[in-house]
Amino acid sequence: MLTKPALTPAQRDDLRSFAAMIIPDSAEYKVPGADDPKIQADILATLGRDTEPVREALDHLARLAGQPLAGLDPARRETVAKEFRNSGGAATATLIRVVLQCYYRDDRVLRSLGLELRPPFPEGYTLEQGDWSLLDPVKARPAMWRRVP
Amino acid sequence: MNEAVDVLIIGAGASGAAVAWSLAETKMHILCLDQGGWMNPAAYPSRGRDWEARFFGDYSPSPNIRARPEDYPINDDNSPIKVVNFNGVGGSTVMYTAHFPRLHPSDFKVKTLDGVADDWPIDYDTLAPFFAENDRMMGVSGLSGDPAFPPTEPPMPPLPLGRSGAALGKAMNKLGWHWWPSDTTVATTDYEGRARCINLGHCTPACAQGAKASTDITYWPAALRAGVELRTHCRVREITTNEHGMASGVVYYDKDGVEQFQGAEVVIIACNGIGTPRLLLNSASGRFPNGLANSSGLVGKNLMFHPYAQVYGFVEEVTDSNRAPPICLWSKEFYETDLSRGFVRGYAFQFGRGAGPVMEAVMSEAKGILPWGAAHHAVFRRLNGHRLQLSAICEDLPEEHNRVTLDPHLKDIHGIPAPKVDYTIGENSAKMMEHGVARAKEVLAAAGATDICVNCPILYGGWHLLGTARMGTDPERSVVNEWGRSHDVKNLFIVDGSVFVTSGGVNPTSTIQAIALYIADQMKSRLANLFD
């Protein structure tokens with residue numbers, strides 16, 4: 001049985017255009033934009049409990065734009081996006097967070113940031129001791145806790 | 001029909017586990033009911049590439065967002081601070097930062113010292129042996145010799161300072177202010193079957209390594225070995241009473257949703273400062289029309305949260321970010337009362353090492369310091385891995401209008417009325433937060449940080465749920481006596497953060513557990529006349 005896609009084609013188009021406005025690709029840093037097909041696929045595949053607020057946000061965006069976001073001229077698109085950011089409330093915040101959380105776990109992006117492509121467990125990380133002599137002046141202080149009767 | 005037990009404990013979290021373990025030596029038939037189940041470390045977030053995203057979903061600290069079957073909804077719309085907790089075996093010790101300070105001696109005498117609120121009926125010296133016992137059971141790492149606190153002997157050495165701790169320590173030294181490596185329940189050595197910390201970093205939503213102490217891996221294995229029975233996925237609806245006004249047992253829903261009765265000679269509540277008043281109010285009856293143990297009218301009142309004032313910034317050097325336990329230091333420079341500051345009581349600072357890339361992006365975008373468009377990449381690289389942060393954890397004074405009641409409409413999946421929180425930040429707390437923000441900015445300036453941001457209060461910062469069934473010697477001004485027994489119902493005890501008289505200005509788990517051990521000790525020493 002086919003399941004209904006989380007977002008309509010029009011919503012997916014607007015999501016892609018909006019994501020590219022937040023994070024465009026960069027030749028300098030050798031990273032894709034957030035409209036990259038792999039990142040978009042990750043967003044759609046993992047929407048889960050965020051589906052409803054994301055739909056709500058995209059509906060709000062569509063109302064503000066009046067037409068597909070990609071069809072607006074750049075200046076108008078900027079204006080709509082700003083208004084969307086300012087007026088969209090929790091649903092817009094969820095949409096932006098969903099874009100960011102999928103973007104910043106993409107292998108190409110993490111590689112560009114110099115981060116390892118793995119979860120924290122089981123390898124963990126190394127934490128340097130730091131300079132414990134910094135604590136010497138604090139150790140030299142007299143007791144400062146308040147005595148009680 | 002369930003066989004009646006000697007002692008029934010409701011809640012398997014920080015305090016329920018401690019009291020179960022301590023009472024086990026009596027060889028009484030002890031049963032604990034918990035609304036959640038055992039945790040599965042194989043499913044913890046830090047094992048997957050989506051480790052940060054899960055913080056916004058099934059491992060959100062908010063029960064309203066997380067909405068697991070174990071959770072119950074909380075109406076906190078009328079509060080600037082939202083309740084956060086975790087439900088399951090281990091309770092909120094599964095999901096906490098493991099920062100483990102104790103209340104100070106002065107915290108127990110606020111009326112005497114500062115003329116506000118009330119003194120506790122117990123003091124620090126009474127609890128001291130139980131703090132030490134709890135440190136051994138939970139496994140605390142720390143450094144002796146803090147001049148801001150009476151002597152302690154943590155069983156393990158402290159966490160490394162790391163880059164973030166050193167940078168913050170250097171800044172504090174420039175200002176001449178107190179700081180110290182935090183006591184933490186993150187094991188720095190192999191300890192009692194737990195593996196040492198390997199710096200997974202994403203500690204708060206449960207530790208896949210098992211290095212962070214949660215009671216499902218500390219107290220509970222010992223309690224079960226000693227014969228305590230733990231029944232999971234059992235949500236208690238109400239405590240029943242008999243014709244003598246004594247607790248007779250509880251009505252609960254089992255894992256299949258079937259209503260059950262469990263009789264008991266003694267009932268101990270360990271459901272935290274929200275869950276405990278909810279249960280007492282839901283246990284109203286003809287004999288106790290205003291809720292059980294509520295002749296004082298104080299059940300649910302005097303809710304204290306600890307408003308957090310968080311300030312952070314970004315330095316040029318690389319910090320530890322997400323590659324280490326999140327909290328490294330504390331400061332008690334502004335902990336004790338100094339009236340020249342414009343408020344009574346005080347706050348501790350807790351210092352954070354940083355954040356992971358997703359968290360950094362989400363938080364910085366929301367604050368408006370991470371732009372959209374072409375500039376995004378360069379700015380993100382300047383911010384990510386360069387964060388230093390600190391939070392003033394402010395003492396909240398008890399105010400009766402800050403309260404937990406029953407929501408007239410909202411219910412959990414079993415149809416049990418949910419709690420409703422009405423809370424405002426008091427004037428004294430607000431002044432304290434303002435002071436904390438100003439001092440925190442000075443610290444960050446001394447560290448050379450820029451792009452300073454403030455969260456005051458932290459919206460999802462209602463970790464510490466205190467004061468809603470306070471202890472005291474006067475039955476008209478308290479819910480339980482000085483050893484945790486209800487004034488009204490002589491075989492009913494409360495051992496969680498509800499019994500706090502005042503909040504202090506530090507994370508309360510260590511003190512909650514010390515109180516639970518103390519109450520258990522009192523019960524053991526009074527077994528022959530427990531109900532007199």
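1. Helix 7 of chain B, residues 272-282, lies across strand 13 and strand 14 of chain B. Its direction is at about 65° to strand 13 of chain B. This is a predicted model, so the geometry here should be read together with the scores in the next point.

2. Confidence scores. Chain B averages a pLDDT of 97, and 100% of the residues score at least 70. For the model, ipTM is 0.96 and pTM is 0.97.

3. The sheet under helix 7. Strands 13 and 14 of chain B belong to an open sheet of three strands, in the order 3-14-13, with mixed pairing. Strand 3 (75-78) and strand 13 (403-411) of chain B are at the edges. Each has a single partner strand, so one side of each has no neighbour in the sheet. Neighbouring strands are turned by 40° against each other on average, direction ignored.

4. Strand 3 against strand 14. These two strands of chain B pair in the parallel sense, over two bridges. Strand 14 covers residues 417-422. B:N75 is opposite B:K420 of strand 14.

5. Strand 11 of chain B, residues 347-352, is mostly covered. Six of its six residues are buried. B:Y347, B:F349 and B:F351 point one way, while B:A348, B:Q350 and B:G352 point the other way. Such alternation between the two faces of the sheet is what side chains do in a regular strand.

6. Partners of strand 11. Strand 10 (residues 327-331) of chain B runs antiparallel to strand 11 and is joined to it by four bridges. There, B:S331 has B:F349 as its bridge partner. Strand 12 (residues 387-394) of chain B also pairs with strand 11 in the antiparallel sense, over six bridges. B:G352 has its bridge partner, B:Q389, in strand 12.

7. The largest nonpolar core has 198 residues. Those with the most contacts inside it are A:V99, B:L8, B:V19, B:A20 and B:I268. Helix 11 (residues 509-525) of chain B gives the largest share, nine residues. Leaving aside residues up to four places away in sequence, A:V99 touches A:A19, A:I22, A:A34 and A:I43.

8. The interface. Contacts link 56 residues of chain B with 43 residues of chain A. On the chain B side, helix 3 (110-114), helix 5 (162-175), helix 8 (357-367) and helix 9 (376-383) give two or more residues. Helix 5 of chain B has the largest share, seven residues. By class, this side of chain B has 25 nonpolar, 20 polar and 11 charged residues.

Conventions
Residues numbered from 1 in each chain as written. Chains lettered and ligands numbered in written order. Predicted model: local features only at pLDDT ≥ 70, side-chain atom pairs only at ≥ 80, totals over all residues. Contact = placed C-beta atoms within 7 Å. Nonpolar A, V, L, I, M, F, W, Y, C, P; charged D, E, K, R; others polar. pLDDT = per-residue confidence, 0-100. Pairing = 2+ DSSP bridges. Axes fitted to C-alpha atoms, helices over the stretch in contact; angles between N-to-C directions. Core = buried A, V, L, I, M, F, W, Y, C linked by C-beta atoms within 7 Å. Buried ≥ 20, exposed ≤ 12 C-beta atoms within 10 Å, placed from the backbone.
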